[in-house]
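Visitor: Could you walk me through one part of this protein up close, and then show me how it sits in the rest of the chain? I'd like to start with a single residue.

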Amino acid sequence: DVEHFRPKAGSRQSPGGKLLRPGYWWLAYSWENLFVSCQLCNQKFKGNLFPLRNPKSRCRRPSHPLTRERPLLVHPETDDPEAFVTFRGETAVPKRGGGALRGKTTITAFGLNRDELRAKRME
């Protein structure tokens, strides 16, 4: 799938939480917001999830600078995932320290410990 890091239609602060509209519609075709993703990670797990450290800082229009947000998901281009997520055997675990919350949120949001992925890592 092509995944929108910041969801275009609306976003959720937590899994199953209220869908907040508008989404990041102005980023729908922005290369900086588009990433290749496994279909399950994108559709079954992340979906419209885009939690922020401070939900009140969420950008609602193009004139709002994205730099005011502090996403809890690890950005695959601007963040080094190894600073937030490590592995114990085949299990993804958050790195200790300042990035632990972002690591934990990312692992949960993308379902990185689902049985199929753990089995592939074991192989």
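Guide: Let's start with Tyr29, which is exposed, with a relative accessible area of 76%. Keep in mind that we're looking at a predicted model. Tyr29 sits in the loop between β1 (2–4) and β2 (34–36). Along the sequence, Tyr29 and His4 are 25 residues apart, yet in space their C-alpha atoms are 8.9 Å from each other.

Now for another tyrosine, Tyr24. Tyr24 belongs to the largest nonpolar core, a set of 18 residues. Since membership in such a core takes a buried residue, and buried means under 20% relative accessible area, Tyr24 is on the other side of the cut-offs from Tyr29, whose value is 76%. Along with Phe50, Leu73 and Phe110, Tyr24 touches the most other members of that core. Leaving out residues up to four places away in sequence, the contacts of Tyr24 include Phe50, Leu52, Cys59 and Leu66. Charged side chains are on the list too, with Arg6, Lys8, Arg58 and Glu69 among the residues touched by Tyr24.

Next, have a look at helix α2, residues 100–109. Its buried residues are Arg102, Gly103, Thr105, Thr106, Ile107 and Ala109. As a rule, an α-helix has 3.6 residues a turn, so residues three or four places apart point the same way. The cover over the buried residues of α2 includes α1 (39–46), β3 (85–88) and β4 (91–94). After α2 comes Gly111, with a positive phi near 60 degrees.

Stepping back, the protein chain has 3 helices and 4 strands, and in sequence order they run β-β-α-β-β-α-α. The radius of gyration is 15 Å, close to the 14 Å that the globule rule gives for 123 residues, so the chain is as compact as a globular protein of that length. Its C-alpha trace spans about 45 × 30 × 25 Å along the principal axes.

What about contacts across the chain? Of those with a separation of 6 or more, 57% join residues 24 or more positions apart. Buried residues make up 41% of the 123 residues. As for the surface, the protein chain exposes about 7600 Å², and carbon and sulfur atoms supply 55% of that area. Finally, there are 23 positive and 12 negative charges, and the mean positions of the two sets are 11 Å apart.

Definitions and conventions:
Residues numbered from 1 in each chain as written. Predicted model: local features only at pLDDT ≥ 70, side-chain atom pairs only at ≥ 80, totals over all residues. Heavy atoms only, no water. Buried < 20%, exposed > 50% of the residue type's maximum accessible area, 1.4 Å probe, protein only. Helix = DSSP H or I, 4+ residues; strand = E, 2+ residues; numbered from the N terminus. Contact = heavy atoms within 4.5 Å. Rg over C-alpha atoms; globule rule 2.2 N^0.38 Å. Areas by Shrake-Rupley, 256 points an atom, 1.4 Å probe, with all protein chains shown as cover. Lys, Arg positive; Asp, Glu negative; His and termini not counted. Charge placed at Lys NZ, Arg CZ, Asp CG, Glu CD. Core = buried A, V, L, I, M, F, W, Y, C linked by side-chain atoms within 4.5 Å.
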